[in-house]
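Colleague: Before I rely on the labels attached to this model, I should like to hear the reasoning behind them. Please take me through the terms one at a time.

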Amino acid sequence: MYRRILVPIEHSRFDVFILEHVRGLARHCGAELVLLHVADGFAARNLHQLALRDSEEMRGDRAYIQRIVNGLLADGFKAEALLATGDPAKEIVAAARRENCDLIAMATHGHRWLQDIFRGSTASAVRHESDIPVLFVRGVPDRG
């Protein structure tokens with residue numbers, strides 16, 4: 001069914017929800033997992049203009065995503081880590097295409113209308129921009 005699943009992770013408490021769900025899906029389908037974190041702090045968004053190679057935020061993000069991938073590999077999954085910078089929604093859609101993924105599986109915060117207006121919604125933007133199927137798993141912070 002699915003061969004390569006892109007799993008955007010935030011480096012937040014919501015990651016546990018999507019990782020828990022996608023483990024079962026990947027095992028069922030025999031799919032490879034491509035974990036993606038989009039660093040979007042000030043330094044990450046302005047990496048080229050500031051002529052930076054890396055920021056402390058990005059080093060921490062890289063270590064975080066690699067720990068998750070190492071755990072998946074140890075559990076017998078095929079997995080790899082990607083770190084990107086910029087606008088999360090655009091980078092998620094671009095990575096899914098570039099990496100030949102046939103599903104994007106991501107956690108959502110379950111914001112409501114006003115919060116999405118003020119904070120934006122990466123999930124909503126991905127849903128509108130992607131031509132690849134998207135699976136949303138709602139994170140419930142008091143569970144994790």
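**Reasons behind the labels**

Modeller: In helix 3, the residues Met-58, Asp-61, Tyr-64, Ile-65, Ile-68, Val-69 and Leu-72 are buried. Please bear in mind throughout that this is a predicted model.

Colleague: What makes these buried residues of helix 3 line one face of the helix?

Modeller: Viewed down the axis of helix 3, the buried residues fall within an arc of 130°, so they line one face. An α-helix has 3.6 residues a turn, so residues three or four places apart point the same way. On the other side of helix 3, Glu-56, Arg-67 and Ala-74 are exposed.

Colleague: How do you know that the span of helix 3 is close to the expected one?

Modeller: Helix 3 covers residues 56–74, which is 19 residues. The expected span is 1.5 Å times one less than the number of residues. For helix 3 this gives 27 Å, and the distance from its first C-alpha to its last is 27 Å. Just after helix 3, Gly-76 takes a positive phi of about 95°.

Colleague: Why is the contact between Asp-102 and Arg-3 called a salt bridge?

Modeller: The term requires a side-chain nitrogen of Lys or Arg within 4 Å of a carboxyl oxygen of Asp or Glu. The closest N and O atoms of Asp-102 and Arg-3 are 3.2 Å apart, and the pair therefore qualifies. Asp-102 lies in the loop between helix 4 (88–98) and strand 4 (103–108), and Arg-3 in the segment before strand 1 (4–8), so the pair ties together parts that are 99 residues apart in sequence.

Colleague: Are the two partners, Asp-102 and Arg-3, buried or exposed, and what values decide the matter?

Modeller: Buried means under 20% relative accessible area, and exposed means over 50%. Asp-102, with a relative accessible area of 14%, is therefore buried. Arg-3, with a relative accessible area of 56%, is therefore exposed.

Colleague: Which parts of the chain does the pair of Glu-99 and Arg-4 link?

Modeller: The side chains of Glu-99 and Arg-4 meet in a salt bridge, at 3.2 Å from N to O. Glu-99 is in the loop between helix 4 and strand 4, whereas Arg-4 is in strand 1, and the two are 95 residues apart. Glu-99 has 17% relative accessibility and counts as buried. Arg-4 is also buried, with a relative accessible area of 14%.

Colleague: What makes Asp-75 and Arg-23 partly exposed?

Modeller: Partly exposed covers what lies between the cut-offs of 20% and 50%. Asp-75, at 39% relative accessibility, falls there, and so does Arg-23, with a relative accessible area of 29%. These two residues form a salt bridge whose closest N and O atoms are 2.9 Å apart. Asp-75 lies in the loop between helix 3 and strand 3 (79–85), and Arg-23 in helix 1 (residues 15–29), so the pair ties together parts that are 52 residues apart in sequence.

Colleague: How many salt bridges does a search of the whole structure find, and which residues are joined into one network?

Modeller: The search finds seven salt bridges. Those that share partners join Arg-4, Glu-32, Glu-80, Arg-98 and Glu-99 into one network.

Colleague: Which residues of the largest nonpolar core touch the most other members?

Modeller: They are Ile-5, Val-7, Ile-9, Ile-18, Leu-33 and Leu-35, in a core of 25 residues. Strand 1, helix 1, strand 2 (32–39), helix 3 and strand 4 each supply at least two residues of this core. The largest share, seven residues, comes from helix 1.

Colleague: Why is strand 4 called largely enclosed by the rest of the structure?

Modeller: Six of the six residues of strand 4 are buried, so the description follows. Both faces are covered: Leu-103, Ala-105 and Ala-107 are buried on one side, and Ile-104, Met-106 and Thr-108 on the other.

Colleague: How do you know that strand 1 and strand 4 pair?

Modeller: Pairing requires at least two bridges between the strands. Strand 1 and strand 4 have two, in the parallel sense, and therefore meet the requirement. The bridge partner of Leu-6 in strand 4 is Ile-104. Five bridges join strand 4 to strand 5 (residues 134–138), and these strands run parallel.

Note on methods. Residues numbered from 1 in each chain as written. Predicted model: local features only at pLDDT ≥ 70, side-chain atom pairs only at ≥ 80, totals over all residues. Heavy atoms only, no water. Helix = DSSP H or I, 4+ residues; strand = E, 2+ residues; numbered from the N terminus. Buried < 20%, exposed > 50% of the residue type's maximum accessible area, 1.4 Å probe, protein only. Arc of directions from axis to C-beta. Core = buried A, V, L, I, M, F, W, Y, C linked by side-chain atoms within 4.5 Å.
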